[in-house]
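User: Please take a close look at one part of this model, the pocket that holds the ligand. I should like to know what lines the pocket and how the ligand is placed there.

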Amino acid sequence: MSNQHTSTPGVSVIGLGAMGSGIARTLIEGGCTVSVWNRSRAKVDALVATGAIGCNNPGDALNANSHVIVCVSDYAVWQQIIQEHSLASRFEDTCIIQLTTGTIDDVQTHASLIHDNGGRLVEGAVMCYPRNLGTDEAALLLSGAPDVLDECAHILSALDANWTSLGEDINQPSVLSRSLMSGLTGALMGLVNGAAICRAGGVPLDVFMKFNEGTNSILLAEQRRLIEAIRDGRTEENEASIKAWREGNQALNSVAASLGTDLTLQNAIQAVFQEGRRRGLDEHDLSALVDVFDPASDR
Ligand SMILES: NC(=O)c1ccc[n+]([C@@H]2O[C@H](COP(=O)([O-])OP(=O)(O)OC[C@H]3O[C@@H](n4cnc5c(N)ncnc54)[C@H](OP(=O)(O)O)[C@@H]3O)[C@@H](O)[C@H]2O)c1
């Protein structure tokens, strides 16, 4: 196969796990001609049944289109695929849209490889489930040179009509998506921990759910207030000091200990509060803990 540098919206997808299959399906539904490759052939065949063109190896997928989406488990897997199939020399004049989750090191090493071999790169992170692609809930965070993002706009728009460009710094999708994950993971782990404590203490989970929904409306406003306080350097004003939060968490620890639930999460949170106290932040707002998490900051 040779590169078809035409104006038809042809795109290849390498990696057909949950996310890659969702990407390929959404692109097909959006009217793109989609060539696909995956290590396990069954996933290729399932996509071919819905209109994709199956490729026998990743080199064929690279050659089939000038725009190639990569979405595999991690960058080590992609590097392995590149080596096993001698793909490096095939990146010339190809635009790789990299949607695999990666570290800053991964992203930098990969960008050098693509550019050194004459390719173009859009670096991205997906912040939604596969089922959200192509809907208002889709969230693609992307960076790259403006002209490269422009040439990919028709593909990106089929996945997320409101895709976000974070500019030319290719680290930004990783940094932003992992920061958002920090908020999500913390909130959801805290919720599951709370459910465990309710269950152990005999509070019906329906009651927990009802009151949790009540606190959610406060949470959104509080999240916004915390970010604005950090942005504006107003981390002293507060309605509830770090000391009050620390004591509340200590009481939670005692309740959990009495009920015999695991204390790992509370202990980790308590360690953050203790570090805040050591730094003299006890009377400050919760937002002041940003200096515990980012101690080297003069920003
Ligand atoms: N799923 C989500 O909701 C979601 C959300 C946001 C971001 N993401 C990101 O999207 C990326 C893909 O996630 P996923 O959910 O699609 O994962 P997944 O369902 O586990 O799929 C993993 C993909 O990587 C391939 N792969 C793994 N090891 C390989 C190897 N040694 N050689 C060749 N191919 C290999 C798999 O091929 P086989 O089919 O042959 O195993 C499959 O295509 C990840 O970076 C993930 O962080 C996923």
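Analyst: Helix α4 gives the largest share of the lining of the second largest pocket, namely four residues. The structure is a predicted model, and the ligand sits in this second largest pocket. The elements that give two or more residues to the shell around the ligand are α1 (18–29) and α4 (75–84).

The pocket itself may be described next. Its space amounts to about 370 Å³, and 19 residues line it. Nearest the centre of the pocket lie N38, R39, V72, S73 and V77. Two elements, α1 and α4, give two or more residues to the lining. By class, the lining of the second largest pocket divides into eight nonpolar, eight polar and three charged residues.

The ligand has its own set of neighbours. There are 22 residues around the ligand, and M19, N38, S40, K43 and T101 come nearest. This shell consists of eleven nonpolar, nine polar and two charged residues.

Several contacts involve the protein backbone. A backbone N or O atom of M19 is found 2.8 Å from an oxygen atom of the ligand. For A18, a polar backbone atom and an oxygen atom of the ligand are 2.9 Å apart. A polar backbone atom of V72 lies 3.3 Å from an oxygen atom of the ligand. On its own, the ligand has 890 Å² of accessible area, of which the protein covers 74%.

For context, the other spaces in the model can be set beside this pocket. The largest pocket has a volume of about 2,500 Å³. It is lined by 45 residues, with G183, G186, A187, L219 and L226 nearest its centre. Two or more residues of that lining come from each of α8, α9 (205–232), α10 (242–259), α11 (264–278) and α12 (290–293). Helix α8 provides the largest share, 16 residues. The lining of the largest pocket comprises 26 nonpolar, 16 polar and three charged residues.

A search of the whole structure also finds one cavity of 30 Å³ or more. The largest cavity has a volume of about 30 Å³, and its lining includes T101, a residue that is also among those nearest the ligand. The elements β6 (120–126) and α8 (172–201) each give two or more residues to the lining of this cavity. By class, that lining has one nonpolar, six polar and two charged residues.

Conventions: Residues numbered from 1 in each chain as written. Predicted model: local features only at pLDDT ≥ 70, side-chain atom pairs only at ≥ 80, totals over all residues. Heavy atoms only, no water. Near = heavy atom within 4 Å. Polar contact = N/O pair within 3.5 Å; in protein donor to acceptor, adjacent residues only side chain to side chain. Areas by Shrake-Rupley, 256 points an atom, 1.4 Å probe, with all protein chains shown as cover. 1 Å grid on protein atoms, 1.4 Å probe; cavity = no way out; pocket = protein on both sides within 12 Å on 5 of 7 lines; lining within 4 Å. Sits in = over half its atoms within 2 Å of the grid points. Nonpolar A, V, L, I, M, F, W, Y, C, P; charged D, E, K, R; others polar. Points joined across faces, edges and corners; volume = space filled by probe spheres on them.
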